[in-house]
Number of protein chains: 2
Amino acid sequence: MRSPVMQCIGIPGIPLIQPGDDLASLIAQAIQDVGETLQEGDVVVVAQKVVSKAEGRWVHLGSVVPGPDAVVLARAADKDPRLVELILREANEVLRVRPGVIVVEHRLGFVCANAGIDHSNVAGDEEQVLLLPVDPDATARRLRAMWQQWFGVHRLAVIINDSHGRAWRMGTVGVAIGVAGLRPLSDRRGTSDLFGRPLQVTVIGTADELAAAASAVMGQAAEAIPVVIVRGATYDAGEGSLADLLRPRELDLFR
Amino acid sequence: MRSPVMQCIGIPGIPLIQPGDDLASLIAQAIQDVGETLQEGDVVVVAQKVVSKAEGRWVHLGSVVPGPDAVVLARAADKDPRLVELILREANEVLRVRPGVIVVEHRLGFVCANAGIDHSNVAGDEEQVLLLPVDPDATARRLRAMWQQWFGVHRLAVIINDSHGRAWRMGTVGVAIGVAGLRPLSDRRGTSDLFGRPLQVTVIGTADELAAAASAVMGQAAEAIPVVIVRGATYDAGEGSLADLLRPRELDLFR
């Protein structure tokens, strides 16, 4: 049996992204500038931060007037009430609060800390914060279509990733917040193991595993390496979206 | 800037593991048989299943007498009371129960479904189940020491991984349940971003990201590809253990 090899190729050289920038072209150019290209079956993982920047998702805290809910919550969370106001606007629901962290269901459907609002590494101005992308699935689809043309490839997948904290375990890991061209879950129910018995652990979070692999390459340098080509991964091509990765509330034992 | 590349090289050809097998030698041999070797900085990720098999962690359900707690819980979980008895013996605490799943804090300290007891892909006998390894950190340290000698490398890390379900998200992902030779968390607190501001999301679950990357290569074929060499990853070498990855109970908002 041949050794399967999955390569995660970090793409440096992407300029600091400005609102309105053509992200697809800038990334395609950077891929070519390092002597790379996209091949059939590649998965391109893009850090949410550059997507948000291209979308101009900046908010200046000076422009935010906190409502009464934000003022109360800010006290419990020991946070800037204007930031809390933005967190509430970006959230469907607040799940937990303790000093330093407000865990919410984001309007995009996933659970994360502080609605994913980024305060670091995003601009020279302390008062500027960056919201998550408007619709990461749509962005992934758009990037995919552009790159299919640009590089002349058909079987291509795109993942927008972000770093999330977790219940029970320390440290953030990369997860997918937008996908295109792949089924995020590899459902092996109905298949058998080596002994012909139905497989038990049968639904694999493939998109999240690939998002985590890319995140390991982006590392703390997500600003310097915001794009990773994952080559040689096994995944199910097809339609898919973030929604596939979200546990329905009624099946979630940890809300 | 050079493109950073992380390679995940799956190692096939490892025989079905029997209790008492010398796992370190069998894996080393398989690495050589595919024309590979271990290099400075490599991280070897080993699926827990082969560790458990080498340790002979089989239990025949016919030998298990369920206690009264197991009988009650089995009814709520719609599971075999003998299996539930084993889950309870392997658990520090039961966190949640619903039909088909018992979420526990495992005696090793992490939270997982059904105490990680594996029923599929492990033997021809429906009544045989496989418990998790006794002490995955110790196994990782032992494998690391053996392979440092065998391959003449110094900077080497070993991760034992498993596939875990998660709160909030669908699909399992690979996580580390034992480590040696690396710090599982990359703590960047105190460092600055590109603009000189302190980094916010600063503790990265590096070992879990590498475990997930390897898991993507093992895929559903963890029986066929139970070992993955991760080459070119950025991590902090040093002492580390599973305990570093476990969120202290008093800081966990989702117990």
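**Exercise 1. In this predicted model, work out how strand β8 of chain B pairs with β9(B), and place the pair in its sheet.**

Step 1. Start with the two strands. β8 (residues 157-164) of chain B lines up with β9(B) in the antiparallel sense, and seven bridges hold the pairing.

Step 2. Pick a residue to check the register: across from B:Asn161 you'll find B:Ala176 in β9(B).

Step 3. Now zoom out. The pair belongs to an open sheet of ten strands with mixed pairing, ordered β9(A)-β8(A)-β2(A)-β12(A)-β1(A)-β1(B)-β12(B)-β2(B)-β8(B)-β9(B).

Step 4. Look at the ends. β9 (173-180) of chain A and β9 (173-180) of chain B each have a single partner strand, so one side of each has no neighbour in the sheet. On average, neighbouring strands here are turned by 25° against each other, ignoring direction.

Step 5. Add the helix. α6 (residues 206-218) of chain B packs on this sheet, and its direction makes about 120° with that of β9(B). The strands it touches include β1 (5-11) and β9 of chain A.

**Exercise 2. Is strand β2 of chain A enclosed or open to the outside, and which strands does it pair with?**

Step 1. Count the buried residues. In β2 (residues 43-47) of chain A, five of the five are buried, so the strand is largely enclosed by the rest of the structure.

Step 2. Sort the side chains. In a regular strand, side chains alternate between the two faces of the sheet. Here A:Val43, A:Val45 and A:Ala47 point one way, while A:Val44 and A:Val46 point the other way.

Step 3. Go to one partner. β2(A) runs parallel to β8(A), with five bridges between them; A:Val46 has A:Ile160 as its bridge partner there.

Step 4. Go to the other. β12 (residues 227-231) of chain A is antiparallel to β2(A) and joined to it by four bridges, with A:Val44 opposite A:Ile229.

**Exercise 3. Which residues touch the most other members of the largest nonpolar core, and what does B:Val228 contact?**

Step 1. The core has 158 residues, and those touching the most other members are A:Ile159, A:Val228, B:Ile159 and B:Val228.

Step 2. Take B:Val228 and skip its neighbours within four places in sequence. Its contacts include B:Cys8, B:Ile9, B:Gly10 and B:Ile11, along with B:Val45 and B:Met218.

**Exercise 4. Describe the sheet formed by β4, β5 and β6 of chain B.**

Step 1. Write the order: β4-β5-β6, an open, antiparallel sheet of three strands.

Step 2. Find the edges. β4 (91-98) and β6 (111-113) of chain B each have a single partner strand, so one side of each lacks a neighbour in the sheet.

Step 3. Check one pairing. Six bridges link β4(B) to β5 (residues 101-106) of chain B, and B:Val94 sits opposite B:Val104.

Step 4. Lay the helix on top: α4 (residues 81-90) of chain B lies across β4 and β5, at about 25° to β5(B).

**Exercise 5. Where is A:Val64, and is this residue buried or partly exposed?**

Step 1. Find the spot: A:Val64 is in the loop between β3 (58-60) and α3 (68-77) of chain A.

Step 2. Count neighbours. A:Val64 has 19 C-beta neighbours inside 10 Å; being buried takes 20 or more, so this one counts as partly exposed.

Step 3. List the contacts. Leaving out neighbours within four places in sequence, they are A:Val59, A:Arg82, A:Glu85 and A:Leu86.

Key
Residues are numbered from 1 along each chain as its sequence is written. Chains are lettered from A and ligands numbered from 1 in the order in which they are written. This is a predicted model: local features need pLDDT of at least 70, side-chain atom pairs count only at pLDDT 80 or more; totals for chains, interfaces and linings use all residues. A nonpolar core is a set of buried Ala, Val, Leu, Ile, Met, Phe, Trp, Tyr and Cys residues joined through C-beta atoms within 7 Å. A residue is buried if 20 or more other C-beta atoms lie within 10 Å of its own, exposed if 12 or fewer, and partly exposed in between; C-beta atoms are placed from the backbone. Two residues are in contact if their C-beta atoms, placed from the backbone, lie within 7 Å. Two strands pair if DSSP finds at least two bridges between them. Axes are lines fitted to C-alpha atoms, for helices over the stretch in contact, and angles run from 0 to 180 degrees between N-to-C directions.
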